[in-house]
Amino acid sequence: MLSIADNEYITRVGKGTPMGDYLRRYWHPFMESSQLPDPDGNVIEVTLLGEELIAFRDTSGRVGLLGHYCPHRSAPLYYGRNEEDGLRCIYHGWKFDVSGRCVDMPSEPAASNFKEKVRARGYPVEERGGVLWAYLGPPSLTPDLPDLEWTMLLESRRMMAHFALNCNWVQTLEGDVDSSHVGFLHQTALRSSVGADTNYVEFDKAPHWTIEQTDYGMALAARRETLEGAKYYWRINQWFLPYYTLVASDVARTKIHSHIWVPIDDLHTTVWCVEWTTEPRDLTASERWSMTEGPFAHIPTLDVETHTLRANASNHYLQDRRAQKAFSFSGINGTREQDAAVVEGMGALVDRTIEHLGTSDTAIITLRRRLIQDARALEDGIEPHVATDGTSYRRRSWSAVLDKKIPYPESPEMREMAAIKL
Ligand code: FES
Ligand SMILES: [Fe+2]
């Protein structure tokens, strides 16, 4: 459990809160590049870390991320005219470039230098891996983008989707380091998707967990006994600060699946699902199919226009009680929909004072401690190292069947499997 004070500390993301300031040391994926396809195209409303913003692509192709309200008299810039390398407010015509600089102020005398003194709130944006990334922290501390493997691959080797959940980012993130729920909530999907690895998972249902704290976050290692006797089956999940998770690959180590939990505000989270191949090949049509369609799709009810789930709280996530009796543990279709049912169902901001954590919750306890420890360190003036070093993210999740004599995690074989080879 957490005290009321610690629960507030770890969950609140607004500017000026300790965790909000900590998160503002990192870049945040906030939109796919394809959502802003055209220069001088549409303006899109964005809420990120509790800040109301608007995004637009200017004539030169640069993306601006500005405060929602015009610095003149707070008209919404969303309605602005996207024209000639800037966004012009429709109230009195003030115009701002992608950095927020006021470049035209037609309502003031031509001789006035007032426009030099006015700025819209503007944040830097980078494009990488088909995603727009924003940095909302102090300009002098702008860090590297994280060298996540999928961001450095050709588009044909990766796919992604994202949607919004109505709950706080920490409870969604906690679900991804909570490995013990997978064998229950997701067991039907697991049986069908892990394929050849299912036998290993089913053979030993009580794996031995090793939680390794690392400079970049945490590695979660599940070690299982195997039929072979002299070998262990290893599954290694990764957590990268502040909110990236990598699910263990299959034994062939050809594909990796990742989730990202970006705070929209205190009570809403954008969930990103990214999958890529570690081999120098394109993803196949059927691999792409498995994300949003197909018999055991990862997010079968995703509405790609609105970035929301059609199975949601308003319809009890389309739970099918007959399926639950017959073959499905949860009665809910889709791994992400199953997670949404439990994490949104806790309430938008779960009360951690009433929970009872057991030994299977060790990873969650470790994650909370790490986030609180890092945010407290920042309050004491210690910057988060991993935020400043993009190479910290050059790691993979993996799984393998290895001789029992190979020691975790320091053996060269295991280091090799966690390394990215571009
Ligand atoms: S409120 Fe935007 S120009 Fe006046
Ligand atoms: Fe889950």
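Which residue stands opposite Lys95 in β8? Asp104 does, and you'll meet the pair again in one of the views below.

This is a predicted model, in which local features need pLDDT of at least 70, side-chain atom pairs count only at pLDDT 80 or more, and totals for chains, interfaces and linings use all residues. Residues are numbered from 1 along each chain as its sequence is written, chains are lettered from A and ligands numbered from 1 in the order in which they are written, and side-chain values use heavy atoms, with hydrogens and water left out.

**View 1. The iron ion (ligand 2) and its protein donors.** Here His181 and His186 each offer their NE2 atom, while Asp339 gives two OD atoms, all at 2.1 to 2.3 Å from the iron. Donors are N, O and S atoms within 2.8 Å of the metal (3.2 Å for Na, K and Ca); water is not among the atoms, so sites may look incomplete. The angles among the four donor atoms run from 58 to 157 degrees, and the site is irregular. For that label, four donors count as tetrahedral if all angles lie between 85 and 135 degrees; four count as square planar and six as octahedral if opposite donors are over 155 degrees apart and all others between 65 and 115; anything else is irregular. Along the sequence, the donor residues follow the spacing H-x4-H-x152-D. Are the two histidines buried or exposed? His181 is buried at 15% relative accessible area, and His186 is buried at 7%. (Buried means under 20% relative accessible area, exposed over 50%, and partly exposed in between, using a 1.4 Å probe and protein chains only.)

**View 2. The largest nonpolar core, with 93 residues.** A nonpolar core is a set of buried Ala, Val, Leu, Ile, Met, Phe, Trp, Tyr and Cys residues joined through side-chain atoms within 4.5 Å. Phe30 and Leu371 are the members with the most contacts inside this one. Helix α10 (residues 362-379) supplies the largest share of the core, seven residues. Helices (H or I, at least four residues) and strands (E, at least two) are DSSP runs, numbered from the N terminus. Look around Leu371: setting aside neighbours within four places in sequence, its contacts include Ile10, Met19, Trp169 and Trp239. (Contact means heavy atoms within 4.5 Å.) There's also a second, separate core of 16 residues, with Ala75, Phe96, Cys102 and Val118 among them. In soluble globular proteins, nonpolar side chains tend to be buried together.

**View 3. Salt bridges, of which the whole structure has 27.** A salt bridge is a side-chain nitrogen of Lys or Arg within 4 Å of a carboxyl oxygen of Asp or Glu. Glu8 and Arg12 make one at 3.0 Å, N to O. Both ends are partly exposed: Glu8 has a relative accessible area of 35%, and Arg12 has 26%. Arg62 and Asp85 form another, with their closest N and O atoms 3.7 Å apart. Arg62 sits in the loop between β3 (51-57) and β4 (63-67) and Asp85 in the loop between β5 (81-82) and β6 (87-88), so this pair ties together parts 23 residues apart in sequence.

**View 4. Glu287 and Lys255, a salt bridge with a wider network.** The closest N and O atoms of Glu287 and Lys255 are 3.6 Å apart. This pair links distant parts of the chain, 32 residues apart: Glu287 is in helix α7 (residues 285-292) and Lys255 in strand β17 (residues 255-265). Glu287 is buried at 12% relative accessibility, whereas Lys255 is partly exposed at 21%. Zoom out a bit and you'll find Lys255, Glu275, Glu279, Arg281 and Glu287 linked in a network of salt bridges.

**View 5. The hairpin of β13 and β14.** Three residues lie between the two strands. Strands β13 (residues 208-213) and β14 (residues 217-225) run antiparallel and are joined by six bridges. One place to look is Ile211, whose bridge partner in β14 is Leu220. (Two strands pair if DSSP finds at least two bridges between them.)

**View 6. An open sheet of four strands, in the order β5-β6-β7-β8.** The pairing is antiparallel. At the edges are β5 and β8 (102-104), each pairing on one side only. Strand β7 (residues 95-96) is joined to β8 by two bridges, and here's our opening pair again, Lys95 opposite Asp104.
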